[in-house]
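Below is a short set of comments on the model, arranged by region. Please read them alongside the sequence and the coordinates.

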Amino acid sequence: MSDFNKKNVVIIGGGPTGLGTALMLAKRGWKEITVVEKRPTADYYEPDKSFNYQIDGRGQKSTDLLNITDKLADLSVASTDFYLTLIKPDGTRKTTKLPIIDPERKTAYWLPRYSFVQLFYQEIKQYWQDTIKVLFNTDCLEIKVFKEQLKVIAQDQDHQQFTFTPTLLIGSDGFNSIVRKTLHETESQSYPFAMQKFPSPSSSLKYKVLTLPPQFPLSQEENDISQSTMAYAIRSSFKGKKQAISLGLLPFKDPNKPRTANIIAYPDHHIWQLKTPKQVEQFLIQAFPQLPIKKIISHEEIARFTFSNGGTFPIPQFCSGLYKIWGEPDKNEGTAVILLGDAVHCFPPDIGQGVNSALEDVYIFQEILTETQDNLSQALPIYQQRRQEDIEALIRLVQISYPWQYNQDPLQKKLWNVNFLLRLLLSRFFPFIFSPHSFVLIQNHELSYSEILAKSNKTTRILLTIGIILIFLFIFIP
Ligand SMILES: Cc1cc2nc3c(=O)[nH]c(=O)nc-3n(C[C@H](O)[C@H](O)[C@H](O)COP(=O)(O)OP(=O)(O)OC[C@H]3O[C@@H](n4cnc5c(N)ncnc54)[C@H](O)[C@@H]3O)c2cc1C
């Protein structure tokens with residue numbers, strides 16, 4: 001595509017994928033890039049969406065490309081400094097260095113979602129103000145399909161409407177993508193833009209987030225306060241699937257920011273049935289006798305928590321169609337549409353790949369734009385062909401890698417531990433035959449998701465064969 005035509009991009013969704021793509025395109029010389037984002041600001045804090053991201057080597061391919069990995073490191077807790085303190089109901093504590101990491105892997109960085117999205121936005125404000133316009137508080141209402149191109153209709157908080165006729169439309173609007181839904185509605189025969197769902201043991205778990213003060217007290221003792229850079233797993237005194245609960249806190253670099261404690265449990269858990277703030281407070285006090293709950297959680301926060309709907313982990317899902325082209329966008333007479341990030345692959349956070357796979361989408365799109373000299377009619381089909389297999393493998397990896405980590409079933413978690421250790425040991429002694437567990441392999445950003453799945457499946461097949469031979473010998477050889 002000539003530089004003259006590299007313009008007029010509309011990006012729906014200003015999350016990590018949307019802002020990352022805007023910066024990537026701007027760096028490539030694209031102009032007139034508009035990001036439509038319904039949230040009010042980049043760092044908008046939504047208590048129930050305040051998860052911490054771990055940006056690993058895969059995600060860093062994009063941050064390296066954008067030259068922001070150093071800034072990312074400054075805002076984050078490095079995986080090499082990741083310590084987890086387990087606090088039992090009797091108050092005893094055990095601190096360990098994150099056990100399941102591959103020492104060979106690239107350092108990963110932990111930071112809250114709002115800091116990460118803000119990092120991208122700062123970059124736009126500082127260097128690309130003339131090229132990228134981010135419209136906050138603006139909702140994409142509709143995408144109208146004409147014979148040769150698309151029209152995007154958006155509306156801001158003052159009900160002012162905007163209409164765009166983009167050359168390139170990026171659907172980076174997450175799980176309930178309006179862009180993907182529009183593409184789906186344009187297909188009458190096959191359904192490449194329908195989400196295919198593959199349930200896992202963690203899908204449908206319900207979660208809510210409790211916001212705790214910075215450096216909150218860990219006990220009644222003076223000066224016994226939490227450290228912001230420390231992860232905590234705080235176990236309840238209750239036992240049983242419907243009563244036992246855990247507070248999970250991930251590390252924060254900034255000691256003055258509130259901490260967030262995730263509560264994750266099956267929808268029929270007792271905590272989700274509690275109707276009043278008083279009931280929730282009583283439950284937490286009894287569940288966590290080791291914590292000074294009344295000092296840590298304000299009445300307002302308990303009330304917010306009680307009445308919040310929280311969220312539900314999505315069923316792992318993807319769609320096979322990643323693009324569609326109307327008219328001739330390379331002559332500025334048409335619209336090319338590409339879907340990236342959660343808009344095409346979405347799953348529970350078990351393997352920490354949501355944001356990393358989304359950033360890898362951006363990186364691969366960029367590589368293909370380079371190969372095709374930004375010719376969209378060539379680049380988009382290549383993108384789909386190259387990325388499809390990995391996306392499918394990623395969804396399978398989510399199903400098998402670590403879905404039992406939420407203490408939802410202690411027996412299944414133990415079996416997972418046995419499987420994990422067996423693969424770890426065998427791969428140490430016989431590295432040419434066995435691979436480590438897929439949860440470890442995922443940390444190697446140089447392997448694609450399909451390569452990881454192939455290695456994992458090969459080890460599974462060998463283990464099954466050995467198991468069958470052993471059973472056979474046990475039964476038939478006296
Ligand atoms: C509970 C939970 C925990 C998670 N934890 C992790 C984790 O630890 N590690 C990890 O890697 N991933 C995690 N994820 C997944 C991760 O958040 C996503 O993979 C990531 O946010 C994908 O980025 P995205 O930009 O594609 O989509 P999103 O982050 O969903 O961004 C989409 C954006 O589009 C905007 N938007 C949507 N529709 C419209 C519209 N019509 N008009 C205008 N704007 C619109 C939204 O406001 C949003 O800002 C978690 C997800 C959940 C639910």
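1. With 15 C-beta neighbours inside 10 Å, Asp409 is classed as partly exposed, because a residue is called buried if 20 or more other C-beta atoms (placed from the backbone) lie within 10 Å of its own, exposed if 12 or fewer, and partly exposed in between. Asp409 sits in the loop that joins helix H11 (376–401) to helix H12 (410–429), where helices are DSSP runs of H or I with at least four residues and strands are runs of E with at least two, numbered from the N terminus. In space, Asp409 is 7.0 Å from Lys241, C-alpha to C-alpha, although 168 residues separate the two in sequence.

2. A remark on provenance: this is a predicted model, in which local features need pLDDT of at least 70 and side-chain atom pairs count only at pLDDT 80 or more, while totals for chains, interfaces and linings use all residues. Residues are numbered from 1 along each chain as its sequence is written.

3. The ligand is surrounded by 32 residues (C-beta atom, placed from the backbone, within 6 Å of it), and the closest are Gly13, Gly15, Gly174, Gly341 and Gly354. Helix H1 (16–27), strand S3 (52–55), strand S9 (138–145) and helix H10 (354–371) each supply at least two residues of this shell, with the largest share, four residues, coming from H10.

4. An open sheet of six strands runs in the order S8-S2-S1-S12-S21-S20 with mixed pairing, two strands being paired if DSSP finds at least two bridges between them. Strand S8 (132–135) and strand S20 (323–328) form the edges, each pairing on one side only, and the twist from one strand to the next averages 15°. Within this sheet, strand S1 (residues 7–12) and strand S2 (residues 31–36) pair in the parallel sense over five bridges, and Ile12 stands opposite Val36 in S2.

5. The largest nonpolar core (buried Ala, Val, Leu, Ile, Met, Phe, Trp, Tyr and Cys residues joined through C-beta atoms within 7 Å) has 112 residues, and those with the most contacts inside it are Ala22, Ile33, Ile338, Leu340 and Leu397. H11 gives the most to this core, with 10 residues. Leaving aside neighbours within four places in sequence, Leu340 is in contact (C-beta atoms, placed from the backbone, within 7 Å) with nine-strong company that can be checked by eye, including Thr17, Thr21, Ile170, Ala358 and Phe365.

Technical notes: Axes are lines fitted to C-alpha atoms, for helices over the stretch in contact, and angles run from 0 to 180 degrees between N-to-C directions. Two residues are in contact if their C-beta atoms, placed from the backbone, lie within 7 Å.
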